[in-house]
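Biologist: Please take me through this structure slowly, one topic at a time, and let each answer finish on the thing I asked for.

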Amino acid sequence: MEKSCTLLIHFDKGTPAIANEIKEALEGNDVPTKIDAMKKAIMLLLNGETLPQLFITIVRYVLPSEDHTIQKLLLLYLEIIEKTDSKGKVLPEMILICQNLRNNLQHPNEYIRGVTLRFLCRLNETEIIEPLIPSVLQNLEHRHLFIRRNAILAVMSIYKLPQGEQLLVDAPEMIEKVLSSEQDPSAKRNAFLMLFTCAQDRAINYLLTHVDRVSEWGELLQMVVLELIRKVCRTNRGEKGKYIKIIISLLNAPSTAVIYECASTLVSLSSAPTAIRAAANTYCQLLLSQSDNNVKLIVLDQLNELKSSHRDIMVDLIMDVLRALSSPNLDIRRKTLDIVLELITPRNINEVVLMLKKEVVKTQSGELEKNGEYRQMLIQAIHSCAIKFPEVASTVVHLLMDFLGDSNVASAIDVVVFVREIIETNPKLRVSIITRLLDTFYQIRAARVCSCALWIIGEYCLSLSEVESGIATIKQCLGELPFYSVSEEGEATDASKKSPQANSITVSSRRPAILADGTYATQSAASETAFSPPTVVQGSLSSGNLRSLLLTGDFFLGAVAACTLTKLVLRLEEVQPSKVEVNKATTQALLIMVSMLQLGQSHVLPHPIDNDSYDRIVLCMRLLCNTGDEIRKIWLQSCRQSFVKMLSEKQLRETEELKAKAQVSHAQPDDLIDFYHLKSRKGMSQLELEDEVQDDLKRATGEFVKDADDANKLNRILQLTGFSDPVYAEAYVTVHHYDIVLDVTVINRTKETLQNLCLELATMGDLKLVERPQNYTLAPESSKQIKANIKVSSTETGVIFGNIVYETSNVLERTVVVLNDIHIDIMDYISPAVCTDAAFRTMWAEFEWENKVAVNTVIQDEKEFLDHIIKSTNMRCLTAPSALDGECGFLAANLYAKSVFGEDALVNVSIEKQADGKLSGYIRIRSKTQGIALSLGDKITLKQKGGS
């Protein structure tokens with residue numbers, strides 16, 4: 001049988017105390033031993049032991065003790081023992097306690113009186129409490145405040161008992177008197193709480209008569225006042241106006257806890273602009289005045305909610321929110337930037353960008369170890385500002401270009417991608433960006449940044465001087481030709497003959513890299529660690545960045561440089577009238593390319609050139625030797641056009657997402673609308689009027705209406721037993737974040753009464769049952785709703801299984817009905833999410849759990865199969881629709897989702913069409929935890945067949 005329990009104590013079951021030992025210790029005279037024995041007895045009782053023989057010992061030897069600790073432990077003991085028999089009648093021996101309690105309530109020591117009053121708050125037996133009531137009431141007027149506080153709480157809990165109103169008829173009146181004369185803030189709060197819970201009208205009356213003094217009351221009392229206001233306004237919306245005034249007056253209270261509660265109460269009760277602005281201002285003050293990071297994060301969450309419902313008011317406070325960037329914590333900074341970026345308008349964009357620029361400059365001082373990461377966040381924020389409002393790009397682009405050579409590669413990549421986008425969308429800035437890029441190109445140290453910068457140089461150097469400086473810059477960064485001398489090669493071949501083992505080690509250290517479409521490309525570890533053999537280093541330290549990267553074996557960058565040179569030479573033909581200059585540039589470009597190929601095929605580097613880069617460089621050489629108009633058009637125009645198309649698609653996707661977010665529910669056309677101009681305005685303040693209008697608006701736009709998803713409910717009902725079983729059971733499963741609630745309906749199909757019917761459940765996976773099952777009695781053909789709570793701790797497919805056990809009157813043994821298993825679906829925990837390609841690739845490289853599922857399906861169309869997988873895994877496709885267009889017989893796409901526990905799920909689908917029309921390929925799932933990878937894999941295996 002489940003009992004309510006009012007205290008919990010940790011109990012180590014290692015050495016359970018024996019009842020006889022406890023009894024002996026209690027009968028002795030040693031106080032510390034007695035205390036120890038009492039503690040052991042309480043722990044045993046809390047763990048389900050009954051110890052009936054101890055009661056008389058305690059009455060004889062412990063009751064008379066004068067020690068305060070023993071008296072306190074005695075009260076705890078009395079609190080947890082059974083005071084009634086099986087029929088609910090109070091046990092006769094409890095009369096022995098009554099006398100002791102009355103003595104305690106009149107004890108000269110204040111502590112004993114106080115703790116006894118506290119104990120009475122937890123007693124439910126009227127027969128024990130009734131004789132003590134006069135003593136309790138006497139203590140309401142005691143001189144010591146500790147006793148008065150607890151006496152008020154005791155009166156409250158007695159009054160709340162089922163027969164409490166007969167025991168204490170005039171309790172609310174007495175407490176109201178106490179409240180008006182009481183000076184101690186804590187006792188005052190208890191008295192007001194008593195009125196609030198037991199006689200709400202009196203509490204409201206007291207509040208409204210002392211409305212001018214509320215701001216002078218203590219913090220504890222103000223918190224209860226706010227609780228009362230919330231309760232009253234929920235039940236009676238018509239009287240909100242006068243209470244909102246009280247809340248606004250409390251916003252100036254000295255206690256931060258009260259201010260925070262005021263703000264959240266205002267937001268929950270009213271939509272009036274004045275009230276929301278006051279709340280938002282309060283949150284901003286707390287954000288700056290509180291040093292605790294947790295408080296800041298909570299306040300930012302509140303501001304984030306305000307942003308979605310009252311954006312126009314939040315826009316005015318954008319600079320106050322931005323001041324939270326002064327906190328060194330990255331999570332706070334990230335949240336702040338997320339909020340601010342959605343509040344940008346043409347009016348405040350310049351201020352915001354100026355502030356972000358200042359922050360970027362601060363990160364250069366290099367005092368914090370997370371500066372690089374913070375700088376990356378700021379650069380991304382400035383990037384999105386400049387995309388929304390192109391006119392600010394000119395003010396930030398040159399500052400950010402200083403970070404192209406940043407040691408934090410991720411932020412340097414962000415800068416170069418930003419520059420690439422701005423140079424296309426802001427034609428006015430093209431010349432200044434190109435000039436600046438050519439000046440700072442030699443500082444770039446990362447291969448990926450270099451290749452992107454080279455692409456920009458190849459596409460956007462248009463005038464003669466720009467083309468010439470572009471070619472000169474690349475030549476300068478590649479350094480003197482050739483890239484190695486013959487003698488070096490000789491040494492290298494000798495070395496490789498002498499130590500074939502050393503060579504094989506470097507080869508085996510290749511690891512797969514992930515390309516943009518999610519497929520693998522083998523990339524040598526050498527380029528990652530900037531490792532280069534000693535034979536070549538001497539020439540590369542003083543020379544340019546392209547040379548040193550090339551000598552580490554990064555031939556992909558070499559191919560990009562070759563393409564850039566080709567484009568520049570082709571453009572030079574158009575803008576340079578002198579044929580001689582063009583031929584000179586062409587031969588120099590060809591020489592560089594030939595040198596790269598020689599380097600790639602020599603033994604100087606541990607790895608030879610890869611086939612893709614080799615083919616690309618050879619293509620560039622062929623092109624420079626004989627160019628046709630068609631080819632020229634592809635190289636000089638089509639590349640740019642496809643980039644423009646990519647940008648416009650990205651913008652289109654973003655606007656579509658914003659549109660989808662903006663669609664809110666609307667009310668039914670026949671709902672009642674109040675016309676507030678026709679309302680009487682007698683005695684209404686401006687704030688009350690505003691609040692009325694906002695409520696009407698909300699009603700009209702359907703914000704109060706939340707549709708219950710009834711149709712969906714029926715889909716989630718699971719049958720647990722068969723129709724022919726004596727007990728029929730079905731469960732409705734609700735999954736809400738960390739909790740699963742099973743609402744089980746049990747129906748007795750027989751003509752007999754089922755006794756001690758119990759729903760026994762067990763779980764597999766990361767699921768935990770919260771409470772012990774109870775026993776029920778079911779009348780013939782009646783039903784019972786049983787609720788079971790289950791806690792979830794990670795995203796895994798869990799199984800709940802169990803049985804129903806019951807007894808009937810004519811059969812001695814218990815009957816067991818085994819239930820169907822309930823499978824908790826991973827789909828309930830994961831939802832589609834968005835992340836950038838770069839973030840996806842970083843996570844893909846970091847996550848250690850991979851599950852590889854071979855494609856096995858009857859679907860014959862690649863697109864249809866991808867859509868089927870997206871639908872059945874509840875994920876979002878990150879690959880742009882344009883990249884999936886066309887018929888080419890194969891398809892690669894990245895999918896992404898996030899679980900409610902904040903875990904990431906990454907999926908890469910790579911499929912191709914075989915000659916017989918069937919699809920083959922693999923679906924790879926990666927995640928940080930094993931649970932997601934396995935569960936998603938099982939889900940895909942189950943669902944991928946498709947077809948019917």
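Modeller: Before we begin, one term is needed: a crossing of two helices is called left-handed if the near helix is turned anticlockwise from the far one by less than a right angle, and right-handed if it is turned clockwise. Please also keep in mind throughout that this is a predicted model.

Biologist: Is the crossing of H1 and H2 left-handed or right-handed?

Modeller: Helix H1 covers residues 19-27 and helix H2 covers residues 31-46, and their axes come within 8 Å of each other. The two axes cross at roughly 145°. With the term introduced above, the crossing of H1 and H2 is described as left-handed.

Biologist: Which residues in H1 meet residues in H2?

Modeller: On the H2 side, the contact involves Thr 33, Lys 34, Ala 37, Met 38, Lys 40, Ala 41 and Leu 44. Sorted by character, the residues of the contact between H1 and H2 comprise seven nonpolar, one polar and two charged. The partners that H1 brings to this contact are Ile 22, Ala 25 and Leu 26.

Biologist: Why does Thr 57 count as buried?

Modeller: Thr 57 has its place in helix H3, which spans residues 54-62, and, leaving aside residues up to four places away in sequence, Thr 57 touches Lys 23, Leu 26, Glu 27 and Val 62. A residue is called buried when its relative accessible area is under 20%. Thr 57 therefore counts as buried, because its relative accessibility is 5%.

Biologist: What distance separates the C-alpha atoms of Thr 57 and Ile 22?

Modeller: Ile 22 is one of the H1 residues that meet H2, while Thr 57 belongs to helix H3. Along the chain, Thr 57 and Ile 22 are 35 residues apart, yet in space their C-alpha atoms are separated by 10.0 Å.

Biologist: In what order do the five strands of the open sheet lie?

Modeller: The edge strands are E3 (717-719) and E7 (767-769), each of which pairs on one side only. Next to one another, E4 (residues 727-736) and E5 are joined by 10 bridges and run antiparallel, and E7 pairs with E9 over three bridges, again in the antiparallel sense. From one strand to the next the twist averages 30°. The order of the five strands is E3-E4-E5-E9-E7.

Biologist: Which residue in E9 is the bridge partner of Asp 743?

Modeller: Strand E5 covers residues 739-748, and seven of its 10 residues are buried. E5 pairs with strand E9 (residues 783-792) in the antiparallel sense over nine bridges. Within E9, the bridge partner of Asp 743 is Lys 787.

Biologist: Which residue in E9 does Leu 769 stand opposite?

Modeller: The pairing to look at is that of E7 with E9, which has three bridges. In E9, the residue opposite Leu 769 is Ile 790.

Biologist: Which peptide bond is cis, with omega near -10°?

Modeller: Most peptide bonds are trans, so a cis bond deserves a careful look. The loop to search lies between helix H28 (464-478) and helix H29 (486-498), where Pro 482 has its place. The cis bond, with omega near -10°, runs from Leu 481 to Pro 482.

Biologist: What is the phi of Asn 874?

Modeller: Most residues other than glycine have a negative phi. Asn 874 lies in the loop between helix H41 (862-873) and strand E15 (876-877), and Asn 874 counts as partly exposed because its relative accessibility is 27%. Although Asn 874 is not a glycine, its phi is positive, at about 60°.

Biologist: To end with the whole protein, what percentage of the 948 residues is buried?

Modeller: The protein contains 42 helices and 18 strands. Among its contacts with a separation of 6 or more, 67% are between residues 24 or more positions apart, and the accessible surface comes to about 48,800 Å². Of the 948 residues, the buried ones make up 46%.

Technical notes
Residues numbered from 1 in each chain as written. Predicted model: local features only at pLDDT ≥ 70, side-chain atom pairs only at ≥ 80, totals over all residues. Heavy atoms only, no water. Axes fitted to C-alpha atoms, helices over the stretch in contact; angles between N-to-C directions. Helix = DSSP H or I, 4+ residues; strand = E, 2+ residues; numbered from the N terminus. Contact = heavy atoms within 4.5 Å. Nonpolar A, V, L, I, M, F, W, Y, C, P; charged D, E, K, R; others polar. Buried < 20%, exposed > 50% of the residue type's maximum accessible area, 1.4 Å probe, protein only. Areas by Shrake-Rupley, 256 points an atom, 1.4 Å probe, with all protein chains shown as cover. Pairing = 2+ DSSP bridges.
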